[in-house]
Amino acid sequence: MINLYGQELSKLEQLMVGEGQKKYRATQLYTWIYEKKATSFDEMSDISLKFRQVLKEKYCLDLPSISCLQKSEDGTIKLLVQMKDGMQVETVLMRYNYGLAACVSSQVGCNIGCSFCSSGLLGKKRNLEPEEMVGQVLVLNNLLQKEGQGQKVTHVVVMGTGEPFDNYDNVLDFVRIINNQKGLSIGARHITISTSGLVEGIKRYAREGLQTNLAISLHAANNETRNKLMKINKAYPLEILMEAVREYEQISGRRVTYEYLLIQGVNDSIEDAKELVQLIKGTKGYVNLIPYNETNLNEYKRSSNNRVHAFLDYLTKAHVTSTIRKEFGSDIDAACGQLKAKADKKYEEE
Ligand code: SAH
Ligand code: SF4
């Protein structure tokens, strides 16, 4: 069965042509599933009964199911969604004053194995298909529809579990589907992909002609510290990564966001801030400081508020645009990965 939610428009056009249909059939299907929110082929009244039958036999409109839902006081919704094969990933809805952002997972587990991240603990189980990423957004939209305030997801960040550039083609299809005006019509500037720094991916992404945002998980401004936090730095050390960032800026005309986790005593000194300023000098990117979400899976501690603010002040005085990431749902399982870790633990115990 081919899942319609996973078909980028031009691919669906090809499929329709293969079925002996006109190309516009694809747009018609997009309108039914994304605009009119049809959940079955029977509803598609302007498609002949005969072709609806073909669709029913070969295509499906399956969505992931929700296996765990947590809602926090600030309205954040954290979901554990389950795919057809039983694999589970996390999806989070964050409510900003400018809109509703879905934090989407791109893989089941992750192979990059950053020492501070719980997503990488069990390694990568598999890549997610485009329909499984689109499905995460649709499941959230369905929940929002039930809330009845006419709200839907307006922003998407690919910052859940997984390294998006280790699942490049599927993530790109996902971006094109949600960005398509006949699809979910989420503006390119409202879509952000976060990468741990896979250089080939960054260079390729620069050439896609997309106006989306790219975030680089930097977390350290010297190779010694970054090697300890992110072993991927041994394959792509900072010099190589920064060269790719400069190339990305030049080719795409977009600036990046540098994500910088603040971990007590590891990367949060003024000396570190100084190195960060030096490292990104000459690029247009800005810095998003992330107070570390502690987990009981490692020893890392969150930097104190004083240190976070001292770090921010240093960057600001050095004319580097910086912000501290707003935190969501701190009253429920805090870090991305924790819900999943809990489920995995349960799974292992069973
Ligand atoms: N693999 C991609 C995208 C998913 S991780 C990447 O690494 O960029 C999304 C972001 O969450 C990354 O910046 C990651 O470093 C951060 N992160 C991981 N564990 C965290 C934790 N415990 N607390 C705060 N941020 C964390
Ligand atoms: Fe993977 Fe990103 Fe976690 Fe690193 S921080 S292990 S790349 S999900």
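Me: Why is C110 called buried or exposed, whichever applies?
Reply: In this predicted model, C110 has a relative accessible area of 10%. Buried means under 20%, so C110 is buried.

Me: What makes C68 buried, exposed or partly exposed?
Reply: The relative accessible area of C68 is 24%. Buried requires a value under 20% and exposed a value over 50%. The value for C68 falls in between, therefore C68 is partly exposed.

Me: How many disulfides does a search of the whole structure find?
Reply: The search finds zero. To count as a disulfide, a pair of cysteine sulfur atoms must lie within 2.5 Å, so no pair of cysteine sulfur atoms in the structure meets that cut-off.

Me: What makes the pair between ligand 1 and S194 a polar contact?
Reply: An oxygen atom of ligand 1 is 2.6 Å from an N or O atom in the side chain of S194. The cut-off for a pair of N or O atoms is 3.5 Å, so this pair is a polar contact. S217 also has a polar side-chain atom 2.6 Å from an oxygen atom of ligand 1. At G162 the partner is a polar backbone atom, 2.8 Å from a nitrogen atom of the ligand.

Me: How much of ligand 1 does the protein bury?
Reply: Ligand 1 taken alone exposes 530 Å², and the protein buries 91% of that.

Me: Which elements give two or more residues to the shell around ligand 1?
Reply: They are β10 (191-195) and β12 (257-262). The residues of the shell divide into eight nonpolar, eight polar and two charged.

Key
Residues are numbered from 1 along each chain as its sequence is written. Chains are lettered from A and ligands numbered from 1 in the order in which they are written. This is a predicted model: local features need pLDDT of at least 70, side-chain atom pairs count only at pLDDT 80 or more; totals for chains, interfaces and linings use all residues. Side-chain values use heavy atoms; hydrogens and water are left out. A polar contact is a pair of N or O atoms within 3.5 Å; within protein, one must be able to donate a hydrogen and the other to accept it, and residues adjacent in sequence count only if both atoms are side-chain atoms. Accessible areas come from the Shrake-Rupley method with a 1.4 Å probe; for residues, only the protein chains shown count as cover. Helices (H or I, at least four residues) and strands (E, at least two) are DSSP runs, numbered from the N terminus. Ala, Val, Leu, Ile, Met, Phe, Trp, Tyr, Cys and Pro count as nonpolar, Asp, Glu, Lys and Arg as charged, and the others, Gly among them, as polar. Buried means under 20% relative accessible area, exposed over 50%, partly exposed in between (1.4 Å probe, protein chains only).
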